[in-house]
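The following explanation leads the reader through one structure, moving from the packing of its helices to the space enclosed within it.

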Amino acid sequence: MAAPSSFLNCEEYAEFQELLRVMRTIDDRIVHELNTTVPTASFVGKVDASKTCKELHQSLAQAHESRERIIKTCIAQASSVVESLQEERRKSLEDTALLKRLRKEQTKLRLMQSELNVEEVVNDRSWKVFNERCRAHYKPPKSQ
């Protein structure tokens, strides 16, 4: 579920937030996914739980990596804009429109940075649920 860079718009915070919301669908639905694909003890023989858990692990890891990359890319872009506006501001202290734009960009940057914290909470929750249901069926590689 990686978002192509051509659709990545860091200029508008609302679009950035909507992209993350859509990309977090896998995390939002993990409990349902596990309930419908990983068998309980009475249905163990009917479904290959280790294969299902492995596929889900790969999907989660890929989704988390993609979102983190997008967030960090947008933070870098916003930081660059803030730095250039700060430089302009140093040259033109009386320009109130420039100050207003700088403050707007700084706010957007802080919001994007806070998304890293949100991402950490979402990821932790997903891995906890995954591990509770899949630990008996699949042992992920140590790289996580």
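**Helix packing and an internal cavity**

In this predicted model, helix α1, which covers residues 13–23, packs with α5 at an angle of about 10 degrees, and the axes of α1 and α5 lie 11 Å apart. Angles under 35 degrees count as roughly parallel, and α1 and α5 are therefore roughly parallel to each other. On the side of α1, the contact is made by Tyr13, Phe16, Gln17 and Leu20, while α5 contributes Lys108, Leu111, Met112 and Glu115. Sorted by class, the contact of α1 with α5 has 5 nonpolar residues, 1 polar residue and 2 charged residues.

A second helix to consider against α5 is α3, which spans residues 30–37. The axes of α3 and α5 come within 10 Å and cross at roughly 15 degrees. It follows that α3 and α5 are therefore roughly parallel to each other. The crossing of these two helices, α3 and α5, is right-handed. From α3, the residues in the contact are Ile30, Val31, Leu34 and Asn35, and from α5 they are Arg125, Ser126, Val129, Phe130, Arg133 and Cys134. The residues of the contact of α3 with α5 divide into 6 nonpolar, 2 polar and 2 charged.

The packing of α4 against α5 comes next. Here the angle is about 165 degrees, and the axes of α4 and α5 are 9 Å apart. Angles over 145 degrees count as roughly antiparallel, so an angle of about 165 degrees makes α4 roughly antiparallel to α5. The crossing of α4 and α5 is left-handed. In the contact of α4 with α5, the residues divide into 21 nonpolar, 8 polar and 8 charged.

The explanation now turns from helix contacts to enclosed space. Rolling a probe the size of a water molecule over the atoms shows where empty space is left. The structure holds 1 cavity of 30 Å³ or more, and the largest cavity has a volume of about 30 Å³. Which residues line the largest cavity? The lining is formed by Cys10, Glu11, Gln77, Ala78, Val81, Glu105 and Lys108. The elements that give two or more residues to this lining are α4, residues 49–91, and α5, residues 96–134. The largest share, 3 residues, comes from α4. By class, the lining of the largest cavity divides into 3 nonpolar, 1 polar and 3 charged residues.

One residue links two parts of this account: Lys108 of α5 belongs to the contact with α1, and Lys108 also lines the largest cavity.

Terms used: Residues are numbered from 1 along each chain as its sequence is written. This is a predicted model: local features need pLDDT of at least 70, side-chain atom pairs count only at pLDDT 80 or more; totals for chains, interfaces and linings use all residues. Side-chain values use heavy atoms; hydrogens and water are left out. On a 1 Å grid over the protein atoms alone, a cavity is a set of points where a 1.4 Å probe fits but cannot get out, and a pocket is an open set with protein on both sides within 12 Å along at least five of seven lines; lining residues have an atom within 4 Å of a point. Grid points are joined across faces, edges and corners, and a volume is the space filled by probe spheres set on the points. Helices (H or I, at least four residues) and strands (E, at least two) are DSSP runs, numbered from the N terminus. Ala, Val, Leu, Ile, Met, Phe, Trp, Tyr, Cys and Pro count as nonpolar, Asp, Glu, Lys and Arg as charged, and the others, Gly among them, as polar. Axes are lines fitted to C-alpha atoms, for helices over the stretch in contact, and angles run from 0 to 180 degrees between N-to-C directions. Angles under 35 degrees count as roughly parallel, over 145 as roughly antiparallel, 65 to 115 as roughly perpendicular and the rest as oblique. A crossing is left-handed if the near helix is turned anticlockwise from the far one by less than a right angle, and right-handed if clockwise. Contact means heavy atoms within 4.5 Å.
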